[in-house]
Amino acid sequence: MPAHHRPPHVPLPRVAPRFVGPASVAALVVALAALWLAARPAGTPARSYAGQLVGAEAVLLLSIGLVLVSSLPWVEPWFDGIDRAAIWHRRVVIAGLVLLVPHVALAANESSSSLGPTFAAVATIGLAALAVWAILPRWRSLAPPPLRGAVDTIVALPGARHLVRLLGGYERWRTLHRTTGVFVALGFVHGLLDGTPFGSGLLRWSYVAIGAVGLAFYAYRELLARWFAPLHDYQVETVRRIAPGLVEIALRPLGRRFEFVPGQFAMLYLEGKDGWHRHPFTISSGRDEELVRVTVKALGDTTSRAHLVEPGMPAVLGGPHGRFDFRRGTERQVWLAAGVGVTPFLSWLRSARSGDLPERVDFFYSAAGTPPFAAEIVELAADQAGLRVHLVDTERDGRLTPESVLAALGGDTRRLSVFMCGPAAMLRTFQTGLRLAGVRGRDVHREHFDWR
């Protein structure tokens, strides 16, 4: 794009965090329980009523899960980004499934409908199967350490390897995951047919409202969202190998330009040699650049196909999404990046002009060997008086740790904000270490790129 056609650079204003979604979920759960306790019909057996209460709470949590996975833009601010919304979707759905256990054990209706029990069984089995499938990619992190060796042995068996390949594909999982709303609808109808407390209009209509909202969001996502989602047509311009297993894909617009805030990610649809694939990628280019660049590491079945992408192939960008933004921090910050987790920081640096960054930033970037983009980062840092770059070669210097970062800061954590992106295990370690060193939880920010 000619220079005179590029949008003028405007310094980004400071923004305040907004993260009230989890508190809202807790408030709704408590409010529903209070409503059921206050409106309990006379003569209702306590055991059965308790079982049906937890069943109603399960429907509430499952409906909230459908709202969170709807990808509507206004959901993001409530949960601090679509990545966190997806994580909370998983949490509330699992919590809803756990509540089904006491519901089945306690609820009883001797005069149940002919279809209600069947609907309940199909809904429970279907949701449980989807939940188990969703955690399969994380089985090793969930298994207790003493059992991981045994699980590794089982997974290495020929039949188990075939099963993992069959169930482990992201696109296959995503397609079947879209049936979640169907199973929630069956459970919701079961409650309407067999709920004994629904002689109370207040309980019945509050239940109907809860289920209707969740299913309306599900219907929107499946039937209407494709017509309203902001999509931009692009074409693959270049595919550049940065390091072993690390590729940068540059995309050229074919029409309306994709606007984003540095640190955000896009849903990238790429038509490779083996068909279309969808995956969220953090944007690594500057916001004033003509091309949109993403840096891809072979992390899963979709990203491992990056080598199949070639210049000239069509691509579509959806979004942008995410709220990983240094403007939400204080004037004294630490940035922590490991491996491909450098991408949002690259976008920040490529977008920044003198005076855009906070007063003092210590940027720690670790990788095995010389960190990719190291030379460019050092060059960009030269224009930022308050930015100090700490490049860590883990093969030579050892792993980056909370202790080494704090030592470089002189142990002073006052008015400190931390932004980090990298492997989940490393970030958990840093979250714990920084909190123990006195950094407030609300001042520790991370990007979740493993939120499938």
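Which helices do the buried residues of α11 pack against? They pack against α1 (21-38), α2 (46-68) and α10 (180-194), and the legends below start there. All views show a predicted model, in which local features need pLDDT of at least 70 and side-chain atom pairs count only at pLDDT 80 or more, while totals for chains, interfaces and linings use all residues. Residues are numbered from 1 along each chain as its sequence is written, and side-chain values use heavy atoms, with hydrogens and water left out.

**View A. Helix α11 and its kink.** Helix α11 spans residues 201-228 and has a kink of about 50° centred on E222. The bend at a residue is the angle between axes fitted to the seven residues ending there and the seven starting there. Helices (H or I, at least four residues) and strands (E, at least two) are DSSP runs, numbered from the N terminus. E222 is itself buried, as are L203, S206, Y207, I210, G211, G214, F217, Y218 and A225; buried means under 20% relative accessible area, exposed over 50%, and partly exposed in between (1.4 Å probe, protein chains only). An α-helix has 3.6 residues a turn, so residues three or four places apart point the same way.

**View B. An aromatic pair involving Y207 of α11.** The structure holds 17 aromatic pairs. One of them joins F198 and Y207, with ring centres 4.9 Å apart and planes at 40°, so the pair is tilted. Rings of Phe, Tyr and Trp (its six-membered ring) pair if their centres lie within 6.5 Å; planes under 30 degrees apart count as stacked, over 60 as edge-to-face and the rest as tilted. Both F198 and Y207 are buried.

**View C. F324 meets F419.** This aromatic pair is edge-to-face, 5.9 Å centre to centre with 75° between the planes. F324 lies in the loop between β6 (314-321) and β7 (332-338) and F419 in strand β10 (residues 416-421), so the pair ties together parts that are 95 residues apart in sequence. F324 and F419 are both buried. Step back a little and you can find them in a cluster of ring pairs, together with F326, W335, F345, W348, F363 and Y365.

**View D. Salt bridges of strand β2.** Two of the bridges to look for here are R293 to E248, with the closest N and O atoms 3.8 Å apart, and R252 to E290, at 2.5 Å. A salt bridge is a side-chain nitrogen of Lys or Arg within 4 Å of a carboxyl oxygen of Asp or Glu, and the structure holds 15 of them. R293 sits in strand β5 (residues 292-297) and E248 in strand β2 (residues 246-253), 45 residues apart; both are buried. R252 is in strand β2, whereas E290 is in the loop between β4 (275-282) and β5, 38 residues apart. R252 is partly exposed, with a relative accessible area of 26%, while E290 counts as buried at 16%.

**View E. R350 and E376 in a network.** These two side chains meet in a salt bridge (2.8 Å, N to O). The pair links helix α12 (residues 343-351), home of R350, to helix α13 (residues 374-381), home of E376, 26 residues apart. R350 counts as buried at 9% relative accessibility, and E376 as partly exposed at 25%. R350 and E376 belong to a network of salt bridges that also links R240, E248, E289 and R293.

How values were computed: Contact = heavy atoms within 4.5 Å.
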